[in-house]
Amino acid sequence: MTRPEFEPWVREILRCPVGLHELVDVVDDEGRPALQCASDCGAPGRRLRYPVADGIPVLLVDDAVAVQV
Ligand SMILES: [Zn+2]
């Protein structure tokens, strides 16, 4: 399992800029930490995955990867 990357209060204020929902910790295909929409984002089963660069979440739509769950 992934280890928590952020303090709870940080987690509380992190939101997907597209759907404004919460984000969950995931690991991307290369094994790097990322944050992913906790709810469908824009379409059924569609989630955006945001990279975490050196411990800093990059919540930019242009840098997000859309994944299907
Ligand atoms: Zn989203």
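In what sense do strand β1 (residues 23-27) and strand β2 (residues 33-37) pair, and over how many bridges? The legends below begin with the answer and refer to a predicted model.

**View 1. The pairing of strands β1 and β2.** Strand β1, which covers residues 23-27, and strand β2, which covers residues 33-37, are paired in the antiparallel sense. Five bridges make up this pairing. Within it, Val27 is found opposite Pro33 of β2. The two strands form a hairpin with five residues between them. In this hairpin, Gly31 adopts a positive phi near 85 degrees.

**View 2. The protein chain as a whole.** One helix and five strands constitute the secondary structure of the protein chain. Read from the N terminus, the order of these elements is α-β-β-β-β-β. The radius of gyration is 11 Å, close to the 11 Å given by the globule rule for 69 residues, and the chain is therefore as compact as a globular protein of that length. Along the principal axes, the C-alpha atoms occupy a box of roughly 30 × 25 × 25 Å. Of the 69 residues in the protein chain, 16% are buried. Among contacts with a separation of 6 or more, 19% join residues that are 24 or more positions apart.

**View 3. The largest nonpolar core.** Nine residues form this core: Cys16, Leu23, Ala34, Leu35, Cys37, Cys41, Leu48, Tyr50 and Ala64. The elements that contribute two or more residues to it are β2 and β3. Strand β2 provides the largest share, namely three residues.

**View 4. The surroundings of Tyr50, a member of the largest nonpolar core.** When neighbours within four places in sequence are left aside, Tyr50 is in contact with Ala34, Leu35, Pro57, Val58, Leu59, Asp63 and Ala64. Among these contacts, Ala34, Leu35 and Ala64 also belong to the core.

**View 5. Arg49 in strand β3.** Arg49 is located in strand β3, which comprises residues 46-53. Is Arg49 buried or partly exposed? Arg49 counts as partly exposed because 19 C-beta neighbours lie inside 10 Å, whereas a buried residue requires 20 or more. Apart from neighbours within four places in sequence, the contacts of Arg49 are Val26, Asp28, Ala34, Gln36, Ala64, Val65 and Val67. Val24 lies 25 residues from Arg49 along the chain, and the C-alpha atoms of these two residues are separated by 9.4 Å.

Conventions. Residues numbered from 1 in each chain as written. Predicted model: local features only at pLDDT ≥ 70, side-chain atom pairs only at ≥ 80, totals over all residues. Pairing = 2+ DSSP bridges. Helix = DSSP H or I, 4+ residues; strand = E, 2+ residues; numbered from the N terminus. Rg over C-alpha atoms; globule rule 2.2 N^0.38 Å. Buried ≥ 20, exposed ≤ 12 C-beta atoms within 10 Å, placed from the backbone. Contact = placed C-beta atoms within 7 Å. Core = buried A, V, L, I, M, F, W, Y, C linked by C-beta atoms within 7 Å.
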